[in-house]
Amino acid sequence: GSSMFTLFQIMTFDSWSQIVRPILYRNVAAGAFFVFFIGIAGIVLMNLMTAVVLQQTIEKAEADAEAVAQKRRKQRLKI
């Protein structure tokens, strides 16, 4: 639990320097892990945000298409 929260803090840059700095003093090579983790986490978060926006857009477009179809049906029934 604590390690997941720590990785989440690093991913969101919330006081991440206080976490990373002591680790880098002991093992400089750990910097590569943090750079890799932050890069991958950023890509994953951007993909997630894009997916949410696209899903909402698709749902709205489908709802609009249905509304247009209903409007056309009502117009045909009036004629």
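This is a short tour of the model, stop by stop, with something to select at each one.

**Before you click**

You're looking at a predicted model, where local features need pLDDT of at least 70, side-chain atom pairs count only at pLDDT 80 or more, and totals for chains, interfaces and linings use all residues. Numbering starts from 1 along each chain as its sequence is written, and side-chain values use heavy atoms, with hydrogens and water left out.

**Stop 1: α1 against α2**

Select residues 2-11 for helix α1 and residues 16-26 for helix α2. Helices here are DSSP runs (H or I, at least four residues), numbered from the N terminus. Two packed helices are described by the angle between their axes and the distance between the axes. For α1 and α2, the axes come within 8 Å and cross at roughly 110°. The axes are lines fitted to C-alpha atoms over the stretch in contact, and angles run from 0 to 180 degrees between N-to-C directions. That crossing makes α1 roughly perpendicular to α2 (the label covers 65 to 115 degrees).

Now show side chains. On the α1 side, pick Thr6, Gln9 and Ile10; on the α2 side, pick Trp16, Ile19 and Val20. These residues make the contact, meaning heavy atoms within 4.5 Å. Colour them by class and you get four nonpolar, two polar and no charged. Ala, Val, Leu, Ile, Met, Phe, Trp, Tyr, Cys and Pro count as nonpolar, Asp, Glu, Lys and Arg as charged, and the others, Gly among them, as polar.

Stay on glutamine 9 for a moment. Is glutamine 9 buried or exposed? It is buried, at a relative accessible area of 14%. The cut-offs are under 20% for buried, over 50% for exposed, and partly exposed in between (1.4 Å probe, protein chains only). Setting aside neighbours within four places in sequence, glutamine 9 is in contact with Asp14, Ser15, Trp16 and Ile19.

**Stop 2: the loop between α1 and α2**

Next, select phenylalanine 13, which lies in the loop between α1 and α2. Check its backbone: phi is positive, about 60°, although the residue is not a glycine. Serine 15 is found in the loop between α1 and α2 too, and its phi is also positive, at about 55°. Why flag that? Most residues other than glycine have a negative phi, and most peptide bonds are trans. Serine 15 is partly exposed, with a relative accessible area of 36%.

**Stop 3: the aromatics**

How many aromatic pairs does the structure hold? Three. A pair of aromatic rings is described by the distance of the centres and the angle of the planes. Rings of Phe, Tyr and Trp (its six-membered ring) pair if their centres lie within 6.5 Å; planes under 30 degrees apart count as stacked, over 60 as edge-to-face and the rest as tilted.

With phenylalanine 13 still selected, add tryptophan 16. Their ring centres are 5.5 Å apart and the planes sit at 70°, so this pair is edge-to-face. Phenylalanine 13 is partly exposed at 45%, and tryptophan 16 is partly exposed at 31%.

Then jump to phenylalanine 33 and phenylalanine 37. With centres 6.0 Å apart and planes at 20°, this pair is stacked. They are four residues apart in helix α3 (residues 30-78), so about one helical turn separates them. Phenylalanine 33 is partly exposed at 45% relative accessibility, whereas phenylalanine 37 is buried at 19%. Add Phe34 to your selection: ring pairs link Phe33, Phe34 and Phe37 into a cluster.

**Stop 4: α1 against α3**

Keep that cluster on screen and bring α1 back. α1 and α3 pack at about 80° with axes 9 Å apart, and are therefore roughly perpendicular to each other. From α1, select Leu7, Ile10 and Met11; they meet Phe33, Phe34, Phe37, Ile38, Ala41 and Leu45 in α3. By class, this contact has nine nonpolar, no polar and no charged residues.

For a side trip, pick isoleucine 23 in helix α2. Not counting residues up to four places away in sequence, isoleucine 23 touches Ala30 and Phe34. Isoleucine 23 is partly exposed, at 33%.

**Last stop: the salt bridge**

Select glutamate 66 and arginine 73. Their side chains meet in a salt bridge at 3.2 Å, N to O. The rule asks for a side-chain nitrogen of Lys or Arg within 4 Å of a carboxyl oxygen of Asp or Glu, and by it the count comes to one. Glutamate 66 is partly exposed at 40%, and arginine 73 is partly exposed at 43%.

Definitions and conventions. Helix = DSSP H or I, 4+ residues; strand = E, 2+ residues; numbered from the N terminus. Parallel < 35°, antiparallel > 145°, perpendicular 65-115°, else oblique.
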